[in-house]
Structures are given as structure tokens and as C-alpha cells.
Amino acid sequence: MRKPIIAGNWKLNKTPHEAILLTDELKRELVDVEGVDIVLCPPFIDLADVKEALIDHNIALGAQNLFWEDAGAFTGEISAPMLKDLGVAYVIIGHSERRQYFHETNETVSKRLRAALKHGLNPIVCVGENLAQREANQTFDIIKDHCEGSLKGLSAEEMKKVVLAYEPVWAIGTGKTATPAQAQEVHAFIRQWLARTFDEGTAGHVRIQYGGSVTPDNIAALMAQPDIDGALVGGASLKAPSFAAIVKGAQK
Ligand code: PEP
């Protein structure tokens, strides 16, 4: 039985002051929740303050990206050992906005993933097709390409430490959610790919989140699908009531 995992991706939102306010509100709303892994992924600059606000709470901290080198002359970058030292547990890798605006490729996703695993961070690796690719019936080809390219060379034991997020680009921040059946179809495809590439045990173990305009109104129907194990939430994670309602809706 896979434990549901709900992660809030705050993207480029919330100053440190606003981040503390949101975290305090979330702590109050989520204090009694059990059976769901909850992760907050604020901007880098907020991580230390959010970490302090989360002391003695069951909510985990995540980053939105990391660089693959540990240290050196890489101005503006943040490394896995830095995140680990701060108490960060998860890191989002290969989000479509990074692929689209910051030229991330499967190769750089793979390098970041290796750095995260080397330093004991739990990676959340994003895959997903854009609208033109879906309309051209290329969805499964793109998903296979993202999985093969981003996850190449992992052992089954390493793969088990990865959370995957299926995020159709056309559903991110657009209000257009994939229907539960559309999402399930791709999640099942990813699980079959995991079984073929690794083994059945690994495929059954890996959690696959859905991401793309998840709200309190659609979370239950998504979570009712057999291969959907949680959600990566953007817009609706910026307000405590909506994020808390999504977390509670994910309790299976
Ligand atoms: C995301 O940023 O990963 C995301 C799914 O955003 P939204 O929920 O706003 O569509």
C-alpha cells in the first residue's frame, strides 16, 4: 500500500514573511492529519524560515530545484549538501517550467537526480507532455522519453527512493485538469514502464503524483484512481484552506 503524498509547489511566490504566515496557518489546519506525507516547497530564500516554523510538525520541507555539483564556481546555484544541511527532505526536479524557461533537458534532470540521491534527498521527478504533443498523439512517446532520459542508469533500489509526478503541461496553471481517466491512463503506462525497466516490486513501490490544476473539488476523484498516489499542487497550495482541503481529500 503506497502512502499518499501531497506536495505544494509555491513557485516564485511568498516573501520570507509571507512564507512564515502561510506555514503557521497550514500547521493549524493540518495538525490532525495522518496517513498522508505532506511537503511544502517554498522558494530557496524561504527554506530556513519555513524549516524553523515546521519544527515539531509532521510537514516536510522540499526545494524546487538543485544544482548537480556539490560546491564550486557556479554563481547563483544551490547544491544538494546545502539543502541537506538545512533540513530539506525533498526536491522537485525537472518541473516543466524549468524545462520550458530554463532549458532543462533529460540529461540535466538526470544529473540533478543523481546529486539528490547521493546526498539522501527524496527527489520528485516531473514528466509530462505539452498540448501540441497530446494533440499529435505523442503523449506516451514523450512520457517514455522523459522516463528513459531522466531515470537512466538508476538501480531498482535508487528508483524506489524517487517520487514521480505526471504533470501534463497543458493542465498546469490553466484550470484545465486532466480527467481522472486521462491521468490514470498515463499513470498506468508509467507503472508498466517501471515494471519493464526495473521489476514488478519496484513498480508497485514507486509513488506517482498527478499535477495540473488540482483543487479541493477534484482531488478525491483523482485519488480514487488505482495508480494515482498523490498530487503536486501549484496555485492551490498558496492558500492554507485550499491546500489543507486537498491534503484531507487525499486521505484514502
Ligand atoms: C505545478 O506547479 O506543478 C502545478 C501543477 O501547478 P498548478 O497546480 O497551478 O496547475
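This report walks through selected helix pairs, strand residues and loop residues of a predicted model.

## How helix pairs are described

Three helix pairs come up below. Two packed helices are described by the angle between their axes and the distance between the axes.

## Helices α5 and α7

Helix α5 covers residues 106–118. Helix α7 covers residues 139–150. Their axes come within 8 Å and cross at roughly 45°. That angle falls in neither the parallel, the antiparallel nor the perpendicular range, so α5 and α7 are oblique to each other. The crossing of the two is right-handed.

Which residues make the contact between α5 and α7? On the α5 side they are N106, V109, S110 and L113. On the α7 side they are D145, H146, G149 and S150. By class, this contact has 2 nonpolar, 5 polar and 1 charged residues.

## L113, a residue of α5

L113 sits in helix α5. Is L113 buried or exposed? Its relative accessible area is 0%, and buried means under 20%, so L113 is buried.

Leaving out residues up to four places away in sequence, L113 touches I93, P123, V125, S150, L151, L154 and V162. S150 is also one of the α7 residues in the helix contact. V125 lies 12 residues from L113 in sequence. In space, the C-alpha atoms of L113 and V125 are 7.8 Å apart.

## Helices α7 and α9

Helix α7 also packs with helix α9, which spans residues 180–197. Here the angle is about 40°, and the axes are 11 Å apart. Angles under 35 degrees would count as roughly parallel; this one does not, and α7 and α9 are therefore oblique to each other. α7 passes α9 in a right-handed crossing.

From α7, the residues involved are T139, F140, I143, K144, C147 and E148. They meet E185, V186, F189, I190 and W193 of α9. How many of the residues in this contact are nonpolar, polar and charged? The contact of α7 with α9 has 7 nonpolar, 1 polar and 3 charged.

## Helices α1 and α12

The third pair joins helix α1, residues 16–30, and helix α12, residues 240–249. They pack at an angle of about 40°. Their axes are 9 Å apart. The crossing of α1 and α12 is right-handed.

L22, E25, L26, E29 and L30 come from α1. Facing them in α12 are A240, P241, F243, A244, V247 and K248. The residues of this contact divide into 8 nonpolar and 3 charged, with no polar ones.

## D37 in strand β2

D37 belongs to strand β2, residues 37–41. Its side chain takes part in polar contacts. One joins it to the side chain of K3, at 2.9 Å. Another reaches the side chain of R207, at 2.8 Å.

What else does D37 touch, beyond its neighbours within four places in sequence? The full set is K3, P4, I5, I6, Y90 and R207.

## I92 in strand β4

I92 is part of strand β4, residues 90–93. With a relative accessible area of 1%, against a limit of 20%, I92 counts as buried.

Apart from neighbours within four places in sequence, I92 is in contact with N9, C41, A63, Q64, N65, I124, C126 and L232. K11 is 81 residues from I92 along the chain. The C-alpha atoms of I92 and K11 are separated by 11 Å.

## Two loop residues with positive phi

Most residues other than glycine have a negative phi. K14 is not a glycine, yet it has a positive phi of about 85°. K14 is in the loop between β1, residues 5–9, and α1. Its relative accessibility is 25%, between the limits of 20% and 50%, so K14 counts as partly exposed.

S213 is not a glycine either, and it has a positive phi of about 55°. Where does S213 lie? S213 is in the loop between β7, residues 208–211, and α11, residues 219–223. Its relative accessible area is 17%, which is under 20%, so S213 is buried.

Key: Residues are numbered from 1 along each chain as its sequence is written. This is a predicted model: local features need pLDDT of at least 70, side-chain atom pairs count only at pLDDT 80 or more; totals for chains, interfaces and linings use all residues. Side-chain values use heavy atoms; hydrogens and water are left out. Helices (H or I, at least four residues) and strands (E, at least two) are DSSP runs, numbered from the N terminus. A polar contact is a pair of N or O atoms within 3.5 Å; within protein, one must be able to donate a hydrogen and the other to accept it, and residues adjacent in sequence count only if both atoms are side-chain atoms. Contact means heavy atoms within 4.5 Å. Buried means under 20% relative accessible area, exposed over 50%, partly exposed in between (1.4 Å probe, protein chains only). Axes are lines fitted to C-alpha atoms, for helices over the stretch in contact, and angles run from 0 to 180 degrees between N-to-C directions. Angles under 35 degrees count as roughly parallel, over 145 as roughly antiparallel, 65 to 115 as roughly perpendicular and the rest as oblique. A crossing is left-handed if the near helix is turned anticlockwise from the far one by less than a right angle, and right-handed if clockwise. Ala, Val, Leu, Ile, Met, Phe, Trp, Tyr, Cys and Pro count as nonpolar, Asp, Glu, Lys and Arg as charged, and the others, Gly among them, as polar.
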